[in-house]
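Reader: I am new to this structure. Could you walk me through the terms used for it?
Author: Gladly; let us look together.

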Amino acid sequence: MALDELTEELARSAAAGDHRALGELLARIEPDVMRHCSRILPYHQDAEEASQDTLLAVARNIGRFEGRARFSTWLHIVTANCARTTYRSLKRRAAEQTSDELPMQKPDVRRVSVIAGSRLDLLDAMEALEADKPDLAQALVLRDIVQLDYNEVAEQLGIPLGTAKSRIHQARKYVQAVLGEDYR
């Protein structure tokens, strides 16, 4: 999600309390946020929900954007967190439904892509990593989902470059172990 300088400037103005800039900022980032959510969540409605949650989170928390890093970096993190939160919420809702309320149906293989299934497996693995080792999860999200380079990950987390690389490596090994042999 590479944003132009005008968007970065709108973000700085919105963070300073300019409501007009915030409205314009939200309109400018909406398509990019939706695209990013769609990469994480396989179903359009789920991605839309996460996208709306992201835009709401940006509007509510823009005052916390300090401008130390680029707005696009901050937005990536907010978007990834909202998409993962949406996934956890959907998963929890599905688990709460009893088998009486909804008949168990096998997915129609003609309508479910292998890629979508893989993303769900990856989200489950990320959820396990986050519960077990949140420091590793944070580094992995910044590197592999937000797609920051190693230096940016280290800077964002306030840790040495070697520590960032180590955390990312450990996180990838953890996720690979959770996913099993089919993903190697």
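Reader: What makes the crossing of helix 6 and helix 7 left-handed or right-handed?
Author: Helix 6 passes helix 7 in a right-handed crossing; the word applies when the near helix is turned clockwise from the far one by less than a right angle, and anticlockwise would be left-handed. A note on the source: this is a predicted model, where local features need pLDDT of at least 70 and side-chain atom pairs 80 or more, while totals for chains, interfaces and linings use all residues. Residues are numbered from 1 along each chain, and side-chain values use heavy atoms, without hydrogens and water.

Reader: Why are helix 6 and helix 7 called oblique?
Author: They pack at about 140 degrees, with axes 9 Å apart. Angles under 35 degrees are roughly parallel, over 145 roughly antiparallel, 65 to 115 roughly perpendicular and the rest oblique, so helix 6 and helix 7 are oblique to each other.

Reader: Which residues make that contact between helix 6 and helix 7?
Author: Gln138, Ala139, Leu142 and Arg143 of helix 6 meet Tyr150, Val153, Gln156 and Leu157 of helix 7, with contact meaning heavy atoms within 4.5 Å. They divide into five nonpolar, two polar and one charged.

Reader: What makes a nonpolar core, and which residues have the most contacts inside the largest one?
Author: Such a core joins buried (under 20% relative accessible area, 1.4 Å probe, protein chains only) Ala, Val, Leu, Ile, Met, Phe, Trp, Tyr and Cys residues through side-chain atoms within 4.5 Å. The largest has 52 residues, and Leu25, Ile29, Val58, Ile62, Phe71 and Leu129 have the most contacts inside it. Leu25 touches residues including Ile62 and Phe71.

Methods. Buried < 20%, exposed > 50% of the residue type's maximum accessible area, 1.4 Å probe, protein only. Axes fitted to C-alpha atoms, helices over the stretch in contact; angles between N-to-C directions. Helix = DSSP H or I, 4+ residues; strand = E, 2+ residues; numbered from the N terminus. Nonpolar A, V, L, I, M, F, W, Y, C, P; charged D, E, K, R; others polar. Lists of a residue's contacts leave out its neighbours within four places in sequence.
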